[in-house]
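I opened the model to look up its charged side chains and its core, and I note below what I found, entry by entry.

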Amino acid sequence: MPRVIGIGGFFFRARDPERLSAWYAEHLDVLRPPASYEAPVWTQAAGPTVFAPFGDDGPNEHLGPSGWGLNLRVDDLDGMVARLLDAGLDVTIDSQIYPNGRFASLHDPEGNPIQLWEVAEHPAR
């Protein structure tokens with residue numbers, strides 16, 4: 001039976017798309033959208049992905065004014081946080097360690113929430 005095997009894109013409105021694309025590439029290693037079909041495209045590592053619609057009473061700290069929130073998996077949360085702090089960005093590590101890993105939070109230049117997730121070695125299933 002045919003099935004969906006992953007997310008192929010994440011599209012959202014931005015006041016300054018060029019600047020925001022450059023910020024994501026510089027700070028979070030997410031390549032800019034390709035200018036041609038021959039250009040490289042960002043490829044993510046295989047791993048867990050949570051797809052979770054929230055109701056009006058859901059955890060709003062994960063959602064920005066536009067109603068979306070982005071969670072990116074990282075291989076070294078402490079190293080990534082240090083890198084972002086060195087770049088002058090405001091990022092906060094969640095003091096709690098969860099069964100599925102550790103998290104940190106920041107916002108992009110347009111105020112959109114980003115959560116960084118270092119997946120636990122053996123995440124709860």
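**Entry 1, a buried acid.** I began with E110, which is buried (under 20% relative accessible area, with exposed meaning over 50% and partly exposed in between, for a 1.4 Å probe and protein chains only) yet has no salt bridge, the nearest side chain of opposite charge being R15 at 4.2 Å. I took a salt bridge as a side-chain nitrogen of Lys or Arg within 4 Å of a carboxyl oxygen of Asp or Glu; for charge, Lys and Arg count as positive and Asp and Glu as negative, while His and the chain ends are not counted.

This is a predicted model, in which local features need pLDDT of at least 70 and side-chain atom pairs count only at pLDDT 80 or more, whereas totals for chains, interfaces and linings use all residues. Residues are numbered from 1 along each chain as its sequence is written, and side-chain values use heavy atoms, with hydrogens and water left out.

I placed E110 in the loop between β3 and β4, where helices (H or I, at least four residues) and strands (E, at least two) are DSSP runs numbered from the N terminus. What does the side chain of E110 reach? It reaches the backbone nitrogen of D16 at 2.8 Å, and a polar atom of the E110 side chain also lies 2.8 Å from the backbone nitrogen of R15. Leaving aside residues up to four places away in sequence, E110 touches A14, R15, D16 and L20, a contact being heavy atoms within 4.5 Å.

**Entry 2, the salt bridges.** I then went through the salt bridges, of which the structure holds 4. One of them joins R83 to D29, with the closest N and O atoms 2.8 Å apart; this pair links distant parts of the chain, R83 in helix α2 and D29 in the loop between α1 and β1, 54 residues apart. R83 counts as partly exposed because its relative accessibility is 33%, and D29 is likewise partly exposed at 39%. I also noted that phi of D29 is near 65°, a positive value in a residue other than glycine. Most residues other than glycine have a negative phi.

The side chains of R102 and D78 meet in another salt bridge (2.9 Å, N to O), which connects strand β3 with helix α2 across 24 residues. E118 and R102 meet at 3.4 Å, N to O, and this pair links strand β4 with strand β3, 16 residues apart. D78, R102 and E118 are thus linked in a network of salt bridges.

**Entry 3, helix α2 and the core.** Which residues of α2 are buried? I found L77, M80, V81 and L84 to be so, and they lie on the same side of α2 because they cover an arc of only 100° around the axis, taken from the directions from the helix axis to the C-beta atoms. The buried residues of α2 pack against α1, β2, β3 and β4.

The largest nonpolar core (buried Ala, Val, Leu, Ile, Met, Phe, Trp, Tyr and Cys residues joined through side-chain atoms within 4.5 Å) has 19 residues, and among those with the most contacts inside it are W23, L84 and L106. At least two residues of this core come from each of α1, β1, α2, β3 and β4. I last looked at L106, whose contacts beyond four places in sequence include W23, L84, I114 and L116.

Terms used: A polar contact is a pair of N or O atoms within 3.5 Å; within protein, one must be able to donate a hydrogen and the other to accept it, and residues adjacent in sequence count only if both atoms are side-chain atoms.
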